[in-house]
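Please find below some comments on the model under review. They concern its salt bridges and one of its helices.

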Amino acid sequence: MALYTISDLHLSCGVEKPMDIFGGRWQGYMEKIEKNWRAMISPEDTVVIGGDISWGISLSEALPDFQLLSSLPGKKIIGKGNHDLWWNTVRKMKQFFEDNGIKNIDFLFNNCFIYDNIGICGTRGWFFEESFKECHDEKIFRRELIRLEASLKAAKAQGAEEIICFLHYPPIYANFRCGEIIELMQRYGVGRCVYGHLHSDSLRYAVTGLHDGIDFTLVSGDYIDFTPVLLKK
């Protein structure tokens, strides 16, 4: 039994939007995902996926991607990314999965999962390039803070001895620092923050390692060559 993570799978089994056109590590990426996953993950393992899972823009359009994911070994806990336009209310998503026989995928959204005394927490986060000029942007950001705190509170309430925070957007990048998110993680004793979103040229500015007392880990699919990263064995 082990805990793994990966982000930004960008699956496109049901739509014509594959990532192979970007070449490099994206060439044959869906085959890599399946091959590497089956080589590493056992049915007893848990894999946390930090968003940008499917290019489908509705649950029905994303269904072939969920079916592929479901066919792979292990329990999957998925968070929301900026390209997950299929995302709906948790109630509707769970009902959709139940209707389609998908039993090994759950959602990280305003909640927490416990794995071997580790609190699995998280939310989408906030994008470093966004402007706060419009009130609407500020409202989205504040909502993300509320969701993250709800997740962290749930971990504390369930007696988590350690907390790993899974975000889609990086809370620290180049010269950008999202102080509110970092300070919230510090307040709840988050020891490790796992994030994705970054690709191609943006990878050169990624921040990893220990900063502000938190260990930051980037797990975008192309960055890790679509090989799940072991967090706990």
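1. A residue is called buried when its relative accessible area is under 20%, exposed when that area is over 50%, and partly exposed in between. With a relative accessible area of 22%, K32 therefore falls in the partly exposed class. The structure is a predicted model, and the remarks that follow should be read accordingly.

2. K32 is paired with D225: their side chains form a salt bridge with an N to O distance of 3.1 Å. K32 belongs to helix α1 (residues 29-40), while D225 sits in the loop between β12 (214-218) and β13 (229-232), so this salt bridge ties together parts that are 193 residues apart in sequence. D225 is also partly exposed, because its relative accessibility is 27%.

3. How many salt bridges does the model contain? The count comes to 10, where a side-chain nitrogen of Lys or Arg must lie within 4 Å of a carboxyl oxygen of Asp or Glu.

4. Helix α4 (residues 135-157) holds both partners of another salt bridge, E138 and R142, which are four residues apart, or about one turn of the helix. Their closest N and O atoms are 2.6 Å apart. R142 is partly exposed at 35% relative accessibility, and E138 is likewise partly exposed, with a relative accessible area of 27%.

5. A further salt bridge joins the side chains of E144 and R147, at 3.1 Å from N to O. These two residues are three residues apart in helix α4, and therefore about one helical turn separates them. In an α-helix, residues three or four places apart point the same way because there are 3.6 residues a turn. Is E144 buried or exposed? E144 has a relative accessible area of 4%, so it counts as buried. Salt bridges with shared partners also link E138, R142 and E180 into one network.

6. Helix α2 (residues 59-71) merits a separate comment. Its 13 residues, at 1.5 Å a residue, should span 18 Å, and the end C-alpha atoms are 17 Å apart, which agrees. The helix α2 nevertheless bends by about 35° at D65.

7. D65 is also one of the buried residues of α2, a list that further includes L59, A62, L63, F66, L68, L69 and S70. Which elements cover the buried residues of α2? Among them are α1, α3 (90-99) and the strands β2 (46-49), β3 (75-78) and β4 (105-107).

Conventions:
Residues are numbered from 1 along each chain as its sequence is written. This is a predicted model: local features need pLDDT of at least 70, side-chain atom pairs count only at pLDDT 80 or more; totals for chains, interfaces and linings use all residues. Side-chain values use heavy atoms; hydrogens and water are left out. Buried means under 20% relative accessible area, exposed over 50%, partly exposed in between (1.4 Å probe, protein chains only). The expected span of a helix is 1.5 Å times one less than its number of residues. The bend at a residue is the angle between axes fitted to the seven residues ending there and the seven starting there. Contact means heavy atoms within 4.5 Å.
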